[in-house]
Amino acid sequence: MAHAPEQVPPAPVSPRDASDRTLGLINIWQVLRKLCWEVELLRAIPEQIPLGARPRDILHVQDTRLYAAINAASTNIALVDWLYHSIRDDRDLIERAKVVLAGIQTDSDMNFMRSLREISTIVNACHQICNANKHFHLRRPQQDFKIMVGEIVLEQADGSAQLATVAHVVQNGVGQDGRGSVDSMLADSARWWEDVLSRIGIPGRDLHFSTFHV
């Protein structure tokens, strides 16, 4: 009687460096530079358009501001993973990270993200934005958090009107620190990351970031 060949389970795949497919990003400072570029792009998009103007261009201002904000939030979350892997094999960097980010957990990438969300309201807000855009249904949504998006009509002195799209973070129970403009939050995030990386002492700033000012 013939026997079926024994099925050998596939060997586990170990995580590997992804720098061969990041379009040239090899250092966390370059990722921060990307965030700065996205913040500058957000600033460059007009905040208002004439009421009733609905150009068919895909770069219509109302959509573009929101898309740019989502992209910047996504880069913030990428920076969390890059930071974890930038320090995980260097005991000195880990110890400095624990001083700069009091309460940070470095035993795994998941705990690193979880604890950093508790430390930084900005990181948590960006996580909420990215998670909601990635998953239509959230299994365990943070109940006290939401992003409010609305349109404001601004009447001008000449009788015309401008239409502006605004997005605000609202996190109940956190006070003023849990409320504010999404645009301002993202601009603050670039400065926050530069301060954190500089204080931890992540190498490569002068090579990849010397011409940029947050």
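These legends describe an overview and several close-up views of one predicted protein model. Because the model is predicted, local features need pLDDT of at least 70 and side-chain atom pairs pLDDT 80 or more, while totals for chains, interfaces and linings use all residues. Residues are numbered from 1 along each chain as its sequence is written, and side-chain values use heavy atoms, with hydrogens and water left out.

**Figure 1. Overview of the helices and strands.** The protein has seven helices and four strands. These are DSSP runs, numbered from the N terminus: helices are H or I with at least four residues, strands are E with at least two. Read from the N terminus, the order is α-β-α-α-α-α-β-β-β-α-α. The protein has 214 residues, and 36% of them count as buried. Buried means under 20% relative accessible area, exposed means over 50%, and partly exposed lies in between (1.4 Å probe, protein chains only). The accessible surface comes to about 13900 Å². Carbon and sulfur atoms hold 53% of that surface. Areas come from the Shrake-Rupley method with a 1.4 Å probe; for residues, only the protein chains shown count as cover. A contact means heavy atoms within 4.5 Å. Take the contacts between residues at least 6 apart in sequence: 59% of them join residues at least 24 apart.

**Figure 2. Asn124 and the residues it touches.** Asn124 is found in helix α5, residues 121-134. Is Asn124 buried or exposed? Its relative accessibility is 4%, so Asn124 counts as buried. Leaving out residues up to four places away in sequence, Asn124 touches Arg117, Gln142, Phe145 and Gln171.

**Figure 3. Cys126 and Cys130, two cysteines without a disulfide.** A disulfide is a pair of cysteine sulfur atoms within 2.5 Å. The structure holds zero disulfides. Cys126 is in none, and its nearest cysteine sulfur, that of Cys130, is 6.4 Å away. Why is Cys130 not bonded to Cys126? The sulfur of Cys126 is the closest cysteine sulfur to that of Cys130, but 6.4 Å is too far for a bond. Cys126 has 0% relative accessibility, so it counts as buried. Cys130 also counts as buried, at 18%.

**Figure 4. Arg43 and Glu40 in helix α1.** Side chains of opposite charge can pair when their charged atoms come close. A salt bridge is a side-chain nitrogen of Lys or Arg within 4 Å of a carboxyl oxygen of Asp or Glu. By this rule the count is eight salt bridges. Arg43 forms one with Glu40. Their closest N and O atoms are 2.3 Å apart. The two residues are three apart in helix α1 (residues 28-44), so about one helical turn separates them. Glu40 is partly exposed, with a relative accessible area of 44%.

**Figure 5. Arg91 and Glu95 in helix α3.** The side chains of Arg91 and Glu95 meet in a salt bridge, 3.1 Å from N to O. Both residues lie in helix α3 (residues 91-100). They are four residues apart, about one turn of the helix. Arg91 is exposed, with a relative accessible area of 51%. Glu95 is partly exposed, at 38%.

**Figure 6. Arg199 and Asp195 in helix α6.** Which residue meets Arg199 in a salt bridge? Asp195 does, at 3.2 Å from N to O. The pair sits in helix α6 (residues 182-200). Four residues lie from one to the other along the sequence, so they are separated by about one helical turn. Arg199 is partly exposed at 48% relative accessibility. Asp195 is partly exposed as well, with a relative accessible area of 37%.
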